[in-house]
Amino acid sequence: MPEEVEQQQEQAKKKGGLMDLVKMIVIPLVISLVVSLVVFFMLGSNKQPSQTQQEQSAAAAAPVQIKAVVIAQGKYQTFMLKGGRDVAVVDSLTLLVGSEPCRAAVAEKNDEIMDALATIFLSKERFDLVTPAGLDLLKKQIREAVNQITGFTGEKEKLGVLNVYIYIKAISTVQ
């Protein structure tokens with residue numbers, strides 16, 4: 001009998017030793033995992049909610065930028081200025097548009113755009129085209145005219161013409 005008791009005690013020690021080992025490793029591991037998850041969810045991320053929303057809206061609202069060429073570089077186009085005595089020689093006119101449909105509309109309505117350009121230049125005098133403020137006004141008028149012609153107005157304006165790049169080669173008097 002005493003031998004059986006000793007064997008049972010040895011088996012209990014082996015099982016108890018294994019169980020003790022499992023208890024010492026698994027229980028602290030589970031507790032640390034639970035505490036880590038609780039801390040993570042309680043603290044959250046480092047960003048403020050408004051920052052996250054602003055970044056998402058900025059990414060969604062950022063238009064694609066595509067070049068639309070109205071007057072290719074080296075293809076000189078002349079436009080008569082106010083009074084009919086002066087002409088502006090435009091070397092290139094490129095539009096930066098915010099969408100592929102706008103670029104396609106610019107290519108499709110090139111005649112209407114050229115007519116609008118002629119009308120805009122007819123309202124300008126020589127000194128309007130040689131000052132920075134005059135050039136900025138010209139670019140703004142071209143942008144608004146092209147957006148009007150292509151139909152990118154109102155909320156769709158951010159998908160229309162974003163910027164105008166124009167290179168006026170010379171302003172000359174015609175006799």
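The crossing of helices α4 and α5 is right-handed. The axes of α4 and helix α5 (residues 132–150) come within 10 Å and cross at roughly 145°. On the α4 side, the contact is made by Glu 112, Ile 113, Ala 116, Leu 117, Ile 120 and Phe 121. On the α5 side, Leu 138, Gln 141, Ile 142, Ala 145, Val 146 and Ile 149 take part. Sorted by class, this contact of α4 with α5 has 10 nonpolar, 1 polar and 1 charged residues.

All of this is read from a predicted model.

**The overall layout**

The protein has 5 helices and 4 strands. From the N terminus on, the order of elements is α-α-β-β-β-α-α-α-β. The protein has 175 residues, and 26% of them count as buried. Contacts with a separation of 6 or more were also sorted by distance along the chain. Of these, 70% join residues 24 or more positions apart.

**An aromatic pair**

How many aromatic pairs does the count give? It comes to 1 aromatic pair. The ring centres of Phe 79 and Phe 121 are 4.7 Å apart and their planes stand at 10°, so the pair is stacked. The cut-off for stacking is planes under 30 degrees apart.

Where do the two residues of the pair lie? Phe 79 is in strand β2 (residues 77–80), and Phe 121 is in helix α4 (residues 110–122). The pair therefore ties together parts that are 42 residues apart in sequence. Phe 121 also belongs to the contact of α4 with α5.

Another ring has a charged neighbour. Lys 156 lies over the face of Phe 152, at 4.9 Å from the ring centre.

**Buried residues**

Five buried residues are set out here with their relative accessible areas.

| Residue | Place | Relative accessible area |
|---|---|---|
| Phe 79 | strand β2 | 5% |
| Phe 121 | helix α4 | 1% |
| Leu 129 | loop between α4 and α5 | 4% |
| Ser 92 | strand β3 | 14% |
| Val 89 | strand β3 | 16% |

Why does Val 89 count as buried? Its relative accessibility is 16%, and buried means under 20%.

**The loop residue Leu 129**

Leu 129 sits in the loop between α4 and α5. Leu 129 is buried. Which residues does Leu 129 contact, leaving aside its neighbours within four places in sequence? They are Leu 81, Ala 88, Phe 121, Lys 124, Leu 135, Leu 138, Ile 168 and Ile 171. Phe 121 and Leu 138 also take part in the contact of α4 with α5. Leu 81 is 48 residues from Leu 129 along the chain, and their C-alpha atoms are separated by 9.8 Å.

**Two residues of strand β3**

Strand β3 covers residues 86–97 and includes Ser 92. Val 89 has its place in strand β3 too.

Val 89 is in contact with Tyr 76, Gln 77, Thr 78, Tyr 167, Ile 168, Lys 169 and Ala 170, leaving aside neighbours within four places in sequence. One of these partners is Ala 170. Val 89 and Ala 170 are 81 residues apart in sequence, yet 5.2 Å apart in space, C-alpha to C-alpha.

Ser 92 touches Ile 71, Ala 72, Gln 73, Tyr 165, Ile 166 and Tyr 167, not counting residues up to four places away in sequence. Tyr 167 is in contact with Val 89 and with Ser 92. Ile 168 is in contact with Val 89 and with Leu 129.

Conventions: Residues are numbered from 1 along each chain as its sequence is written. This is a predicted model: local features need pLDDT of at least 70, side-chain atom pairs count only at pLDDT 80 or more; totals for chains, interfaces and linings use all residues. Side-chain values use heavy atoms; hydrogens and water are left out. Rings of Phe, Tyr and Trp (its six-membered ring) pair if their centres lie within 6.5 Å; planes under 30 degrees apart count as stacked, over 60 as edge-to-face and the rest as tilted. Buried means under 20% relative accessible area, exposed over 50%, partly exposed in between (1.4 Å probe, protein chains only). A charge sits over a ring if NZ of Lys or CZ of Arg is within 6 Å of the ring centre and within 35 degrees of the ring normal. Axes are lines fitted to C-alpha atoms, for helices over the stretch in contact, and angles run from 0 to 180 degrees between N-to-C directions. A crossing is left-handed if the near helix is turned anticlockwise from the far one by less than a right angle, and right-handed if clockwise. Contact means heavy atoms within 4.5 Å. Ala, Val, Leu, Ile, Met, Phe, Trp, Tyr, Cys and Pro count as nonpolar, Asp, Glu, Lys and Arg as charged, and the others, Gly among them, as polar.
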